[in-house]
Amino acid sequence: MNTLKTQLAELQDLKIATYGKDFLLTWEKTDDEIRALTLVAECFYAMHKARKPFRVFDTGLAVSIFRDKSTRTRFSFASAVNALGLGLSELDEEKSQIAHGETVRETANMISFMTEAIGIRDDMYLGEGNTYMREVGQAVQEGFEKGVLHQRPSVINLQCDVDHPTQAMADLMQVKGHFGSLEKLRGKKIAMTWAYSPSYGKPLSVPQGIIGLMTRFGMQVSLAYPEGYGLIPEVVEVARQNSRKSGGSFEVVSSMEEAFKGADVVYPKSWAPYHVMQRRTPLLHKGDKEGLKQLEKECLTNNAKHKDWECDEQKMKLTKGGEALYMHCLPADISGVSCAQGEVSKNVFEKCRIGTYQEASYKPFIITAMIFLARLQDPVAVLKKLAK
Amino acid sequence: MNTLKTQLAELQDLKIATYGKDFLLTWEKTDDEIRALTLVAECFYAMHKARKPFRVFDTGLAVSIFRDKSTRTRFSFASAVNALGLGLSELDEEKSQIAHGETVRETANMISFMTEAIGIRDDMYLGEGNTYMREVGQAVQEGFEKGVLHQRPSVINLQCDVDHPTQAMADLMQVKGHFGSLEKLRGKKIAMTWAYSPSYGKPLSVPQGIIGLMTRFGMQVSLAYPEGYGLIPEVVEVARQNSRKSGGSFEVVSSMEEAFKGADVVYPKSWAPYHVMQRRTPLLHKGDKEGLKQLEKECLTNNAKHKDWECDEQKMKLTKGGEALYMHCLPADISGVSCAQGEVSKNVFEKCRIGTYQEASYKPFIITAMIFLARLQDPVAVLKKLAK
Amino acid sequence: MNTLKTQLAELQDLKIATYGKDFLLTWEKTDDEIRALTLVAECFYAMHKARKPFRVFDTGLAVSIFRDKSTRTRFSFASAVNALGLGLSELDEEKSQIAHGETVRETANMISFMTEAIGIRDDMYLGEGNTYMREVGQAVQEGFEKGVLHQRPSVINLQCDVDHPTQAMADLMQVKGHFGSLEKLRGKKIAMTWAYSPSYGKPLSVPQGIIGLMTRFGMQVSLAYPEGYGLIPEVVEVARQNSRKSGGSFEVVSSMEEAFKGADVVYPKSWAPYHVMQRRTPLLHKGDKEGLKQLEKECLTNNAKHKDWECDEQKMKLTKGGEALYMHCLPADISGVSCAQGEVSKNVFEKCRIGTYQEASYKPFIITAMIFLARLQDPVAVLKKLAK
């Protein structure tokens, strides 16, 4: 438990104002808060390894709303709330009356009478997921202020159209662990690059989350994608400003090779182009199946022009010493395994597979830390008690 | 925690024989038991507000069976069982083998080996929901008597064809809180009135629950509906007898305006006519889609003749001082919000919206109290300990 | 709590090496381990009856994966993990991304970061269910060895194509309780016999589980089925060897009457022939609906030739004193109740109904014991503490 002491000492000096707040975008949190989040997650990680429980609630609910399929985030959230002592209730919108014209405002309060946290995944509609989360937050804020709710639950973004903060923070823990500290990330090059996939409509939140977060620690962030595969411009602007403030760099390049050159970390991952997602939202709203099919066809045809955007052994040789840290949020489209041709070659993935599991393993602890920091008035004091 | 002392003192003097029993209809419970239920729920409400936990079980299951969609009751039940320390298991009849010809008798025992409470919503079939709950109760009673079960779980009615006791009891807490005490309900007028809705087949359990419960405390209950929209005659008779015993009054009138006149409380809410629900049950059984469609069409045509049964600002002016307490079990059909024309005008609803959230907020605490009173041999003693 | 003392004393002398292991087939466990399992389950049964909690975990998850419908095993598993203090998370393969080409290897780790036990039902595909469970076990073993998982969850077989150990062990508890001890099973005759059912494709795991387990305690096991309804040959061989070692006997006969003659226990239960299940697997894989329909038709026609394989009062008269213990894993196909003609006559079943509930009631305690023995390093010491 030596880690714990270091972590707790470092936490002492940080300014943290996360109590009672939501966690929607990493760039809405201060550097101190981001740092605290990794430290608290590391504490829980160490305690869990030592089989020390860190339950802080006797009872209370956490609600999850998944508007898209999920395995790892679902189980990470379930693990985190269980570890803290909360009971999990999933709001299945098909089973509930939300489909019956209930307003978000009302439902948000109806599920919150004894609720500490609401985890939401809503990444299908560009321009909507994050907005929906804010609506839920405003609704429970109103309920709390008007005395309907005895406590205002915190909304945790489990992936939206803009950011995927639980993933990006787990990824940050992985690189922090890999290089030794947040300070040692300074000057390290990370290649966040598009990769070919035979599927379509993958959300933008992972690459956006990565460039929005990794630019804060002095890293050299290289974003690569084929022409037409851009991200939401506002998020790119956030990344640009972050890198300026942190003394790092941010560039956009148009080949995987260029991004990989000398990279310490590579993150090759497919996504749908921003403008395609923009066209998709109204089609999804209208339920225009013909239009969606047409868009998918068009998009897959476009994708197919870029089958060379595959992370293979040759491209890996371009990286720092040929040994860059390979990252992926999983599941990856692995050539010859999960598809004929995909984001990564079989050999590269197999070599790095356990590393990606490790990367994923931080997610339950990051979510635990997010809820812990949002729900406890004096988290550091409680953590000290737990650590004993 | 001043409330707690008053509540506990009052509880002391009540005769409560709820231990080991089901909660199926409010009118099967004595006045003392109804009173105790509100007091215990108020205690839990106050403790929750003060962030005091009231977990009384270390382990044990609560099972829920929802044969109809539900958000607020589902989450209220989930919150209540979690607060008491029980784990929730939902019996999803599609996933389980109950659809495969298993008798209720058998299944009821199979889900009860470590179960303290079974919450059931079954409001779709007139003449069946409450019957089903009693069958479940008899089955676990047999299992308990024959030594198969170590404990006999209590069945909690989460809405049936006859009553909606968790709703009606939450509503009673709302009016009790609004007027100050159960004693102060004496002489107050409540208008339980049908309202227009563009949908069809809404259960009768809410209006029946309200007239069956509110008539017990000396209130002047005015039930209003258009010709042909009557409730189950036996329940109307219960209401009539209750009002006689309690020194209140019960009347049936045929216009919303008449019911609203001088009312202290209004509860405008749509429901399907009793005789329509009677015709619907065999059609649902047979799976006669054509017949159901025909019945729906006929019923919607009938409904449409009564679009003036809307709770609007003008009708609200007829109430006591124009300021009656507006109640609804939610979700309401709000004109211009959730439908073109519905049960309540946008203005009236928006003004009273937070009040309806407040009304809903009592439900988890009422369910907590129901389970608590059904499962603990000396609930008042335990409550005193918790309150310290 | 007198039982407890006897059980604990007996446990003291047993060699148990179940810590950190899976429970996949009863015949992979030593006699001591099987004996220990019944003793630990009996302890929990007695504690539960005395309303003594036996929670040993503060937090932690148990994951269940049901690839086939289930009520009793689902609730038994839910009860068991709740009783031990674990939170239950069901992996719904339709909701998750497992259907999207994720390999078992990856998913197994993704759901296991804070998981103590994984319960799996996978009985639809001959040659696959048990294999799948072993793959999951190997995957979490790798994750644990490589440091991805802090603990290696134990896989619990909740029914596969080969064995149904939670059922067979509950059945063993039932016969042990009925005759007084495992020693008293020696020389007792059990008839595991096929019975007619109007349905098709029932798994082989129950009869296989019974002959694989009951042959270990010196019982005279008589397996009966019509020509062509054989079980997996390897499992029959296991039974044959078990009976030789234990000093019991094992025979295969071709009429229910012969098996029933002088039997102390009868277990009449339908199953699909081994060779039909073999033909079914590739059809299910290919999604060949026409082929499946054809096979079903053929199989039902075959079944129909054996409608006389019904456990009725006349056949029961052939058993020891006409009073054999009737067993069934439930739900039974009861003639005139759940089907026109089935596995058992209405009269016989009604007489023995409560006994089958009793039989089922052991399952949650057996699962509790399985997890307890697999997760605790010194289970007997913990049990002693709990028993105080």
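Which residue of chain A comes closest to the rotation axis? A:G87 does, with its C-alpha at 4.7 Å.

This is a predicted model, where local features need pLDDT of at least 70, side-chain atom pairs count only at pLDDT 80 or more, and totals for chains, interfaces and linings use all residues. Residues are numbered from 1 along each chain as its sequence is written, while chains are lettered from A and ligands numbered from 1 in the order in which they are written.

**View 1. Chains A and C about the rotation axis.** Chain A superposes on chain C by a rotation of 120°, with 0.0 Å of shift along the axis. The RMSD is 0.0 Å (least squares on C-alpha atoms of residues with pLDDT of at least 70 in both copies). The two copies are thus related as by a three-fold rotation axis.

**View 2. Helices α7 and α8 of chain A.** α7(A) spans residues 205–214 and α8(A) residues 233–246 (helices are DSSP runs of H or I, at least four residues, numbered from the N terminus). They pack at about 20°, axes 7 Å apart (axes are lines fitted to C-alpha atoms over the stretch in contact; angles run from 0 to 180 degrees between N-to-C directions). That makes α7(A) roughly parallel to α8(A) (under 35 degrees). A:Q208, A:I211 and A:G212 of α7(A) meet A:V235, A:V238, A:A239 and A:N242 of α8(A) (C-beta atoms, placed from the backbone, within 7 Å).

**View 3. Helices α7 and α8 of chain B.** Here the angle is about 20° and the axes lie 7 Å apart. α7(B) and α8(B) are therefore roughly parallel. In α7(B), B:Q208, B:I211 and B:G212 face B:V235, B:V238, B:A239 and B:N242 of α8(B) in the contact.

Notes: Helix = DSSP H or I, 4+ residues; strand = E, 2+ residues; numbered from the N terminus. Parallel < 35°, antiparallel > 145°, perpendicular 65-115°, else oblique. Contact = placed C-beta atoms within 7 Å.
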